[in-house]
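Please open the model in a viewer and keep the sequence panel at hand. The tour below proceeds by selections, each followed by what is to be found there.

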Amino acid sequence: MNESSSRATRFPGRAPAGVGVILIGLATVTLAAAKPTLRSVQVRKAPVFRERDLYQPAYTYLDYGTRVRELERDEEKTWSHINGTDGVDSIIGWTFSYCLIEPEIVTRSKNGEFQPGDANARAMVAGDKGLGDPDLKAGLLRIDSGMSEADFLLVDSLEARRVPHEDVLRFLAEGDLRTSGGGQ
Amino acid sequence: MKTRSLLVHLLPIVLTLGITGLGLALPRIDKIIHKGKGLIKSKSLVDAMLEQDDYVLGRTVLAKTFSKNRASLDREKLFDIREPLVSDPEATRYVSMIGSAVALHSSRPQLFHGYCFGILNSAEINACSSPGGHVVVTLGLLLLCRSEDEVAAVLAHEVAHVALRHGVRSLDKSGLLSDIRDVAIDVGNLAGADTRDVAKVANGFSGKLFDTLLDKGYDRDFEYEADREAVRILERTGYDPLALVRVLGYLEQSGQSKEVPGLARSHPSPRDRIKKLQSMIAGTPPRDSSSARTRRFESEFAALRAG
C-alpha cells in the first residue's frame, strides 16, 4: 500500500490523482480482505479438515484456547480457513466458523494469582484479558453443587462415550448412509 | 463482546449459587458486574452465550436431573437408581454411533465437548437432551423402535434441540437471561455494592433456571421446531425421513404419551406433532432401511431385547 500511494504522489503527471486514489483504495481493500483475523478455538477439540468436507477425516484437532489466524470464511459463513499460531503454524485447513471466537482465551493465570479450588477462582475469570477455563467452571460447580458426586460421575461416564469422527464416517459407510456431499 | 463477558461469567455464578443456596464470597463479582454496564443491547443474549456455557450448563442440568430423580425415585420411578445407565457395551456404542451420525448432519456438528449419548435404564418412554449435547434415551423408548432409522429419528429430535439451542433459548424466552443482564446492570451501578448482596440477587434466579430447564421442559413451538429439524437431519444423513412420524405413531398407540412423566411432560401429543409434520413430508416416499442397517439393528439390540 505504501509503495502505491508514494508512487501516486511522486509521479502525479504519469498517474492522475484519481487513479492514485483508486489504487490506494484497491490496495486498502486488498489488504483488508487478506488481513487475517486472530481468533481462539472455543471448543475442547476443533477438527481441522484439508477441504470443506465433513466426510473426510479431520487431519488434526486444535485444543481449546489455541489462537489461529482466520484467513477467510466461506460465503455461508459455515467454514473458516485457518492457520495456526502458538507453535502450530504449519497447520492450515478448514474448521467450523462457530468453533472460533474473537476474544483471547486465557486458561491459566499468568502470575499464579489463583488456582483451581481457590476461592478467588470462583468468579472464573482470567483477569480482564478474555475467557477463562470452562473446566474450571465445571469443576467449581461440581464441588459447590451440593449434589452427590455419583451424579457427576454419571455425567462423566456419559461424556467418555464420545465417538471419534473417523468412527462415525465408518459407521455411515457400513450402513449405506451418506458419505459424500460436503456441507452440513 | 461485553455482553458475552457478562453472561459467560454471571450465569455460572447463578448456577453455583443456585445449587448451593449459599451466599458465597465472590471477591471478583463486583468487577464482573461492572462489565455489564456497556452491554450491546442489540446483540441477542442467546448469541452471547458461548459453546462452553452450554456445556457447563448442560453438565450441571444433567447431574441435577440424575440427582432430582434419585431423590424422587420412590414417587416417579423414572429409572433404576442402582444402575441408571444401561451398561450393555454393544447397545450403548450402537446408540452413540447413530446419535453421532445424525449430529454430524445437524447445524452444529461440533459442540464444546461433543455430543454424547446414553441409555437410561427405565421402562418409561422418554428421551431428553441438555444444552451441552448430553442425550439420554430410555430403554423403553428404544424397545419401541423397530429399525435403526427409527432410533435415529428419536435421537435426531434430541440433537435438534441441542443444535437449535432450545435450552438457552428457553431461558431467554422465560426472561431469565434478560433478568440476569438487567440485575447485573442495576447492581453494577451501585458503587461499592457488597458482593454478598450481589450473590443474594443472583441466587434468586436459580430456582427459575432449573424450573425452566427441568420441570417445564421445552415449549410446544420448540418441540415442533425440533421435529421439523429432525426430519431434515434424517434426510441429510440418509435415513428414512418418515421414521419420526412412525415413532410418533407408536407413541400414540402406546398411550404413555398421555401421562408422560418428568422430562417430556410439556410435549404436545404425538397426534398433533404428526399433523404438524404432514405438510413437510407430504409426497416423500418411504426409504427402506438397507439390509446392512437391518442386520446391525437386530444384532446390536439383541441383548437389550432379550432383557
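**First stop: a helix pair in chain B**

In this predicted model, select L244(B), V245(B), L248(B), G249(B), L251(B) and E252(B) in α13(B); these residues meet P270(B), R271(B), R273(B), I274(B), L277(B) and I281(B) in α14(B). By class, the contact of α13(B) with α14(B) comprises eight nonpolar, one polar and three charged residues.

Next, display the two helices in full: α13 of chain B covers residues 243-254 and α14 of chain B covers residues 270-281. Their axes come within 9 Å and cross at roughly 160°. Since angles over 145 degrees count as roughly antiparallel, α13(B) and α14(B) are therefore roughly antiparallel to each other. The crossing of this pair is left-handed.

**Second stop: another helix pair in chain B**

Now select residues 148-163 of chain B, which form helix α8, and residues 220-237 of chain B, which form helix α12. How do the axes of α8 and α12 of chain B cross? They come within 8 Å and cross at roughly 125°, and the two helices are therefore oblique to each other. The crossing of α8(B) and α12(B) is right-handed.

To view the contact, show the side chains of D149(B), A152(B), A153(B), A156(B), H157(B), V159(B), A160(B) and H161(B) in α8(B). Their partners in α12(B) are F222(B), E223(B), A226(B), D227(B), E229(B), A230(B), I233(B) and L234(B). The contact of α8(B) with α12(B) has ten nonpolar, two polar and four charged residues.

**Third stop: two backbone positions**

Continue along chain B to R165(B), located in the loop between α8 and α9 (166-173). R165(B) has a positive phi of about 55°, although it is not a glycine.

Then move to chain A and select D176(A), in the segment after α5 of that chain. D176(A) is likewise not a glycine, yet has a positive phi of about 55°.

**Last stop: the second largest pocket**

Finally, turn to the second largest pocket, whose volume is about 380 Å³. Which residues are closest to its centre? Of the 19 that line this pocket, they are R162(A), V163(A), P164(A), H165(A) and Q110(B). To trace the lining further, select β2 (45-48) and α5 (165-174) of chain A and α6 (89-104) of chain B, the elements that give two or more residues to it. The lining residues of the second largest pocket divide into twelve nonpolar, four polar and three charged.

Conventions. Residues are numbered from 1 along each chain as its sequence is written. Chains are lettered from A and ligands numbered from 1 in the order in which they are written. This is a predicted model: local features need pLDDT of at least 70, side-chain atom pairs count only at pLDDT 80 or more; totals for chains, interfaces and linings use all residues. Side-chain values use heavy atoms; hydrogens and water are left out. Axes are lines fitted to C-alpha atoms, for helices over the stretch in contact, and angles run from 0 to 180 degrees between N-to-C directions. Helices (H or I, at least four residues) and strands (E, at least two) are DSSP runs, numbered from the N terminus. Angles under 35 degrees count as roughly parallel, over 145 as roughly antiparallel, 65 to 115 as roughly perpendicular and the rest as oblique. A crossing is left-handed if the near helix is turned anticlockwise from the far one by less than a right angle, and right-handed if clockwise. Contact means heavy atoms within 4.5 Å. Ala, Val, Leu, Ile, Met, Phe, Trp, Tyr, Cys and Pro count as nonpolar, Asp, Glu, Lys and Arg as charged, and the others, Gly among them, as polar. On a 1 Å grid over the protein atoms alone, a cavity is a set of points where a 1.4 Å probe fits but cannot get out, and a pocket is an open set with protein on both sides within 12 Å along at least five of seven lines; lining residues have an atom within 4 Å of a point. Grid points are joined across faces, edges and corners, and a volume is the space filled by probe spheres set on the points.
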